Amino acid sequence: MQQVASGDDVRIERLGAVGRIVLDRPRALNAITLGMVERIRAALEEWRTADLRAVLVESASERAFSAGGDIRRVRENSLAGRHDESLRFFETEYAVNALLGGYPVPVVALVGGICLGGGMGLSVHGTFVVVSPEASFAMPETRIGFFPDVGGSHFLPRLPGATGRYLGLTGARIGAADALALGLATHACSAADLARLPDLIAGYDGPLEQLLRELAPTEPGEAGALAAVRPELDWVFGAPDLAGIRARLDRLARGPREAVAAWARETGSALDAASPSSLAVTDRLLVEGRGRSLEECLRAELDTAREVIAAADFAEGVRAVLVDKDHAPRWSTLGKR
């Protein structure tokens, strides 16, 4: 029997022995609010002692799993001096990330459409991440004067080669094939199969991994966009510091291979668009995160968020990208080339 509790743009459901967390704020692309993470946290805490076989995290929208946290609300709080309300949001959101990372039963994220920022925090910490071909992932926080949080300082440094540093600094978006290749996703299936997975899981008595393996292969059907530039990406973002990254990009941008040169120019432009202070904070957290547990990373991110949301670059970055949408932020500091 299905039990449903709705409210605050997220549905908390029980489908037999399966718990379902369904993000249901489609007009805002499931941007995550304080009310949503409070309900998710309460459900996860309650279900820890329930007789469940799995917990699913899903979206009611075909366009988006989640566009991330409701950062415009955080900016409004910052401008009005309501920092405590914003910190309550981050504390609760990070508590949810920690719960998902150590949950006693398998957590399965079903990702179709965009999965950005806080959406990744609801997907990548669980046991399985099943994607449709329409799925895409990004941590675009440096473009709004913030940094990759929700455990980004834990999962990004653990991606292959220097890909985590690349994704964290540039905010580049990757598709389903790259997500599978990097380990941000575990299985892939069609959009139709993704939609019927909750019922299939609820009615399946065997090992969950076996069901997913039969329905959703673990290998990408084709190489992702990053495959063509992986050697160059690892070389560039393996530089010892941000200045070294810039220098290596400049060298590739002048090189004879046009595809690589175009990637280098595009990547340089992405760094140019980011807040210089955010790049510095992000790079530091990624280095430190290599030796930290998820819980330690989340604590460090909360301390950092407390400082960053009160800084001028955060308010300006959110204004430029999400409020006025002129994409012309006036950063308080200048980047050095």
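Contact, as I use the word today, means heavy atoms within 4.5 Å. Please also keep in mind that this is a predicted model.

I begin with the interior. The largest nonpolar core contains 86 residues, and those with the most contacts inside it are Phe 137, Phe 146 and Trp 263. Let us take one of these three. Which residues does Phe 146 touch, leaving aside residues up to four places away in sequence? The aromatic partners include Phe 90, Tyr 94 and Phe 314, and Phe 146 also touches Ala 305, Val 308 and Ile 309. Glu 141, Ser 278 and Thr 282 complete the list. There is also a second, separate core, with 17 residues, among them Ala 54, Phe 128, Ile 201 and Leu 212.

I turn now to the pockets. The largest has a volume of about 740 Å³. It is lined by 30 residues, of which Ala 67, Gly 68, Gly 69, Leu 116 and Leu 322 are the closest to its centre. Three helices, α2 (71–79), α3 (83–101) and α15 (312–323), each supply at least two residues of this lining, and α3 has the largest share, with three. By class, 15 of the lining residues are nonpolar, five are polar and ten are charged.

The second largest pocket has a volume of about 370 Å³. Of its 18 lining residues, the closest to the centre are Ser 59, Ser 61, Glu 62, Leu 194 and Ala 195. Two or more residues come from each of β3 (18–23), β4 (54–59), β6 (107–111) and α8 (191–202). Which element gives the most to this lining? That is α8, with four residues. The classes here are nine nonpolar, four polar and five charged.

Terms used
Residues are numbered from 1 along each chain as its sequence is written. This is a predicted model: local features need pLDDT of at least 70, side-chain atom pairs count only at pLDDT 80 or more; totals for chains, interfaces and linings use all residues. Side-chain values use heavy atoms; hydrogens and water are left out. A nonpolar core is a set of buried Ala, Val, Leu, Ile, Met, Phe, Trp, Tyr and Cys residues joined through side-chain atoms within 4.5 Å. Buried means under 20% relative accessible area, exposed over 50%, partly exposed in between (1.4 Å probe, protein chains only). On a 1 Å grid over the protein atoms alone, a cavity is a set of points where a 1.4 Å probe fits but cannot get out, and a pocket is an open set with protein on both sides within 12 Å along at least five of seven lines; lining residues have an atom within 4 Å of a point. Grid points are joined across faces, edges and corners, and a volume is the space filled by probe spheres set on the points. Ala, Val, Leu, Ile, Met, Phe, Trp, Tyr, Cys and Pro count as nonpolar, Asp, Glu, Lys and Arg as charged, and the others, Gly among them, as polar.
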